[in-house]
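Subject: Structure for your set, with notes

Hello,

Here is the structure for you to look at. My notes on what was found in it follow below.

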Amino acid sequence: AYSNKLIRELSGVRKSFFSNDGSLLLLQYPSKVEVLETGSLKTIFTKKIKEDKNLEDVLIGNKNEYLHLLTASGWPVIRELETISIKDARQVFLQKITLEFPVLANNNSGSLLIISDFNGKEAIIYNALTGQQAYSIEGDGETIRKLGFSPDGKWLVTPSYRFEPTK
């Protein structure tokens with residue numbers, strides 16, 4: 001049964017989503033990320049983002065044990081992918097990202113991360129726990145807005161947009 005009862009007001013939240021199993025709720029604010037237990041809404045993890053960085057995207061990965069943060073700073077823009085343990089706030093890896101407009105996704109198990117360039121030039125698949133590049137896929141040059149793995153992790157879909165002028 002669903003309820004429309006307001007459990008907790010979430011003002012200032014830029015993005016929110018549940019973990020794959022529904023046990024965690026992730027809240028992305030402009031300057032921090034908060035992870036809550038779904039049942040109790042108790043905060044189990046908070047990560048503040050440095051003032052000179054902009055949080056572009058965040059994912060929960062690998063059996064709800066890790067957060068993957070995509071940040072940007074400076075001009076020209078420097079992007080970084082950081083993986084952090086939710087349990088002990090330990091940084092697992094930090095990887096510089098050279099893609100111009102990255103889009104971030106992970107497979108259902110959380111073992112793989114994929115980052116694609118919004119302009120469709122390239123998609124890079126990383127081992128989510130080591131930060132090592134596993135694969136690189138050349139894109140078709142079309143605008144990529146989303147990425148997704150099949151439930152078994154064997155397929156990757158990258159829907160893109162092609163704008164054709166109308167007559």
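To start with one loop residue: Asn 64 is located in the loop between S5 and S6. Asn 64 is not a glycine, yet its phi is positive, at about 65 degrees. Asn 64 counts as buried because its relative accessibility is 19%, where buried means under 20% relative accessible area, exposed means over 50%, and partly exposed is in between (1.4 Å probe, protein chains only).

Before the rest, the conventions. This is a predicted model, in which local features need pLDDT of at least 70 and side-chain atom pairs count only at pLDDT 80 or more, while totals for chains, interfaces and linings use all residues. Residues are numbered from 1 along each chain as its sequence is written, and side-chain values use heavy atoms, with hydrogens and water left out.

Overall content

The secondary structure comes to 0 helices and 16 strands. Both are DSSP runs numbered from the N terminus: helices are H or I with at least four residues, strands are E with at least two. Of the 167 residues in the protein, 41% are buried. The protein exposes about 10,500 Å², of which carbon and sulfur atoms supply 51%; accessible areas come from the Shrake-Rupley method with a 1.4 Å probe, and for residues only the protein chains shown count as cover. Among contacts (heavy atoms within 4.5 Å) between residues at least 6 apart in sequence, 30% join residues at least 24 apart.

Sheet S1 to S4

One open sheet has 4 strands in the order S1-S2-S3-S4, with antiparallel pairing; two strands pair if DSSP finds at least two bridges between them. Its edge strands, each pairing on one side only, are S1 (15–18) and S4 (43–48). Neighbouring strands in this sheet are turned by 10 degrees against each other on average, direction ignored. For such angles, axes are lines fitted to C-alpha atoms (for helices over the stretch in contact), and values run from 0 to 180 degrees between N-to-C directions.

S1 and S2 (residues 24–28) run antiparallel and are joined by 4 bridges. Ser 16 stands opposite Leu 27 in S2, and Phe 17 stands opposite Leu 26 in S2. The two strands form a hairpin with 5 residues between them, and Gly 22 in the turn has a positive phi of about 80 degrees.

S3 (residues 32–37) pairs with S4 in the antiparallel sense over 5 bridges. One pair is Val 35 with Phe 45 in S4. This hairpin also has 5 residues between its strands. Leu 41, in the loop between S3 and S4, has a phi near 60 degrees, a positive value in a residue other than glycine. Most residues other than glycine have a negative phi, and most peptide bonds are trans.

Sheet S9 to S12

Another open sheet of 4 strands has the order S9-S10-S11-S12, again with antiparallel pairing. S9 (102–106) and S12 (133–138) are the edge strands, each pairing on one side only. The twist averages 20 degrees from one strand to the next. Between S10 (residues 112–117) and S11 (residues 122–127), which run antiparallel, there are 5 bridges; Ser 116 stands opposite Ala 123 in S11.

Around S6

Ser 73 is in S6 (residues 66–73) and counts as buried because its relative accessibility is 18%. Beyond its neighbours within four places in sequence, Ser 73 is in contact with Asp 52, Lys 53 and Ile 78. Trp 75 and Pro 76 are joined by a cis peptide bond, with omega about 0 degrees. Pro 76 is in the loop between S6 and S7 (78–85).

The largest pocket

The largest pocket has a volume of about 500 Å³. A pocket is an open set of points on a 1 Å grid over the protein atoms alone, where a 1.4 Å probe fits, with protein on both sides within 12 Å along at least five of seven lines; lining residues have an atom within 4 Å of a point. Grid points are joined across faces, edges and corners, and the volume is the space filled by probe spheres set on the points.

The lining has 27 residues, with Phe 17, Leu 59, Leu 104, Ala 105 and Asn 106 nearest the centre of the pocket. S1, S5 (54–61), S9 and S14 (148–149) each supply at least two lining residues, and the largest share, 5 residues, comes from S9.

Phe 17 lies in S1. Not counting residues up to four places away in sequence, Phe 17 touches Leu 24, Leu 25, Leu 26, Val 58, Leu 59 and Ile 60. The C-alpha atoms of Phe 17 and Leu 59, 42 residues apart along the chain, are separated by 9.0 Å.

Regards
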